[in-house]
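Biologist: I'd like a close look at one part of this model, going residue by residue where it helps. Here is what I have in front of me.

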Amino acid sequence: MLQKGDKFPNFALENQHGEIISNETLKGSKVILYFYPRDNTPTCTTEACDFRDNLAMFNDLDVKVFGISGDSKKKHQNFIAKHDLNFDLLVDEDYELSKATGVYQLKKSFGKESMGIVRTTFIIDENGLIIDVIEKVKVKTQIEELKNILG
């Protein structure tokens with residue numbers, strides 16, 4: 001798992017519109033990249049809606065927000081439309097970036113083990129260095145934790 005102070009890996013992922021978002025397009029901005037397991041599941045929906053409802057605050061702090069999962073562009077489009085999301089979701093269908101960051105792990109759910117994205121949030125500075133990492137994200141308190149980190 002990447003840690004505070006590490007350089008965030010190079011990436012180029014499509015958003016819900018098929019536009020490429022990469023390290024290069026984000027250079028010069030602070031960025032929150034939050035990895036989540038799946039569109040339209042209860043906890044992932046709560047998390048996305050929390051970011052939606054607090055986007056103005058992140059904009060005021062000059063921080064861009066992106067969600068990342070293994071879902072397709074079409075699923076992202078549906079998720080955004082259904083919940084009126086006001087930020088981009090990035091497609092990592094092959095889990096390439098999820099693996100590079102260490103968030104694609106063996107998970108246990110209802111007694112079954114499977115590989116998947118472990119909910120994790122990275123805060124990245126203008127130069128692509130990781131300011132902080134929230135592992136084992138608690139959705140109910142994540143926005144408050146991000147406010148404290150971003151000061």
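Leaving aside its neighbours within four places in sequence, which residues is Glu 47 in contact with? And could you take me through the helix around Glu 47 as well?

Modeller: Sure, and bear in mind that this is a predicted model. Leaving out the neighbours within four places in sequence, Glu 47 is in contact with Tyr 34, Tyr 36, Arg 119, Thr 121, Val 137, Val 139 and Gln 142. Glu 47 counts as buried because its relative accessible area is 1%, under the 20% cut-off.

Now for the helix itself. Glu 47 sits in helix 2, which covers residues 42–53. Helix 2 has twelve residues, and from its first C-alpha to its last it reaches 16 Å, close to the 16 Å expected at 1.5 Å a residue. Glu 47 has buried company here: Cys 44, Thr 45, Ala 48, Cys 49 and Phe 51 of helix 2 are buried too. As for what they pack against, the buried residues of helix 2 meet strand 3 (30–35), strand 4 (63–69) and strand 8 (120–124), plus helix 3 (55–60), helix 4 (73–83) and helix 6 (139–150).

You'll have spotted two cysteines in that list. A search of the whole structure turns up zero disulfides. Cys 44 is in none, and its nearest cysteine sulfur, that of Cys 49, is 11 Å away. Likewise, Cys 49 is in no disulfide, with the sulfur of Cys 44 as its nearest. Since a disulfide needs the sulfurs within 2.5 Å, that 11 Å rules the pair out. Cys 44 is buried at a relative accessible area of 1%, while Cys 49 counts as buried at 12%.

Definitions and conventions. Residues are numbered from 1 along each chain as its sequence is written. This is a predicted model: local features need pLDDT of at least 70, side-chain atom pairs count only at pLDDT 80 or more; totals for chains, interfaces and linings use all residues. Side-chain values use heavy atoms; hydrogens and water are left out. Helices (H or I, at least four residues) and strands (E, at least two) are DSSP runs, numbered from the N terminus. Buried means under 20% relative accessible area, exposed over 50%, partly exposed in between (1.4 Å probe, protein chains only). Contact means heavy atoms within 4.5 Å. The expected span of a helix is 1.5 Å times one less than its number of residues.
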